[in-house]
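Let's walk through this model together, one neighbourhood at a time. Keep the sequence and the 3D view open side by side as we go.

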Amino acid sequence: MAHSAMAGSGWGTTEGDDPLQTAVWRLRSRACWADAAALLEPVTAATALQRTALLVERCLYTEQGWAEAEDALRTAEALAHSDDERGAAACERGQLAYAATVHGVRDRSDEARAALGRAAALIAPGAEGRALLDFRRGLLAENLTRSPQAARAAYRRAHAGATAHADPLLQSSTWRHLAGLALREGELAEARHGFSESLRIREELGYLVGTAPALASLADAESEPEASRLRAEARRLFRLLGGVPTWLARQLAPPAADAATA
């Protein structure tokens, strides 16, 4: 998998003085998804969807909490009435199925594709939720279908939508994934720029749980000694958050020679 498969809409980052959303964002950004979800009472479609998104994100970052995410998703699906709400619920179902597939829990790739296809039929082009949907379709193209061209096109649509709707967190993820494709093609300058933008945004937002992956990605495009400095900072944050995201452990593992003398 591309070890940066998380992204989300920027809810919680631009909520002004709403104390509830501020608290949810702070907990989410520090990898406390269950605590953030506990603050939300799933009595409306909006709160049920936000709660679901938190718990789905926890699955992707920790490889735990699958049953809780499924329960939250069913509640959100039951409360969804408008096309946008049903489309958002389908988008979360697609992401949960994608997460289960890339983490090797169970192959749910067909479910992921079907759910995101259903979301595409419900969420109008240009609607706020379309950018996140495009990003997640890019993840499927990159990591399940192995189609970098289709992934790049989807990420570019997502990036344009995130920019239009002022969703900086999603922008940080589109920058990062476009940079990852550029790095794979040997376009170092383009990769370095994209990874740097992604890191800058996440640091400005205080999105701590997404900063270590951004540091590690930028390190892959840098030369020494900067690459080692970035990886050391990523390891520090990774340990600070208790080994989250779990998939970053492999990327940050020290070289065999260093490990042998550690």
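Apart from its neighbours within four places in sequence, Phe195 touches Arg176, Ala179, Gly180, Leu183, Ser217, Leu218 and Ala221. Please keep in mind that this is a predicted model. You will find Phe195 in helix α10, which covers residues 188-205. With a relative accessible area of 4%, Phe195 is buried. For a sense of distance, take Pro148: 47 residues separate Phe195 and Pro148 in sequence, and their C-alpha atoms are 18 Å apart in space.

Now move along to helix α11, residues 208-221, where Thr211 sits. Thr211 is also in a buried setting, as its relative accessibility is 6%. Leaving out neighbours within four places in sequence, its contacts are Leu199, Arg202, Glu203 and Leu237. What lies 2.8 Å from a polar atom of the Thr211 side chain? The partner there is the backbone oxygen of Tyr207.

Back in helix α10, look for Glu204 and Arg200, whose side chains form a salt bridge with an N to O distance of 3.2 Å. Both residues belong to α10 and are 4 residues apart, about one turn of the helix. An α-helix has 3.6 residues a turn, so residues three or four places apart point the same way. Glu204 is exposed at 58% relative accessibility, while Arg200 is partly exposed at 34%.

That pair is part of a wider set: the whole structure holds 20 salt bridges. In one of them, Arg136 pairs with Glu92, with 3.0 Å between the closest N and O atoms. This bridge ties together distant parts of the chain, since Arg136 is in helix α7 (residues 130-143) and Glu92 is in helix α5, 44 residues apart. Are these two partners buried or exposed? Arg136 is buried, with a relative accessible area of 4%, and Glu92 is buried too, at 6%.

Another salt bridge joins Glu111 to Arg108, the closest N and O atoms being 2.8 Å apart. Here Glu111 is partly exposed, with a relative accessible area of 28%, whereas Arg108 is buried at 7% relative accessibility.

Next, have a look at helix α4, which runs over residues 66-79. Its 14 residues reach 20 Å from the first C-alpha to the last, close to the 20 Å expected at 1.5 Å a residue. Which residues of α4 are buried? They are Trp66, Ala69, Glu70, Ala72, Leu73 and Ala76. Viewed down the helix axis, the buried residues of α4 fall within an arc of 165°, so they line one face of the helix. Among the elements that cover these buried residues are α3 (45-62) and α5 (83-102).

Let's finish with the cysteines. How many disulfides does a search of the whole structure find? The count is 0. Cys32 takes part in no disulfide, and the nearest cysteine sulfur, in Cys59, is 16 Å away. Cys32 is partly exposed, with a relative accessible area of 27%. For Cys91, the closest cysteine sulfur is again that of Cys59, and because the distance is 15 Å, the two are too far apart for a bond. Cys91 itself is buried, at 3% relative accessibility.

Methods. Residues numbered from 1 in each chain as written. Predicted model: local features only at pLDDT ≥ 70, side-chain atom pairs only at ≥ 80, totals over all residues. Heavy atoms only, no water. Disulfide = S-S within 2.5 Å. Buried < 20%, exposed > 50% of the residue type's maximum accessible area, 1.4 Å probe, protein only. Helix = DSSP H or I, 4+ residues; strand = E, 2+ residues; numbered from the N terminus. Expected span 1.5 Å × (residues − 1). Arc of directions from axis to C-beta. Contact = heavy atoms within 4.5 Å. Polar contact = N/O pair within 3.5 Å; in protein donor to acceptor, adjacent residues only side chain to side chain. Salt bridge = Lys/Arg side-chain N within 4 Å of Asp/Glu carboxyl O.
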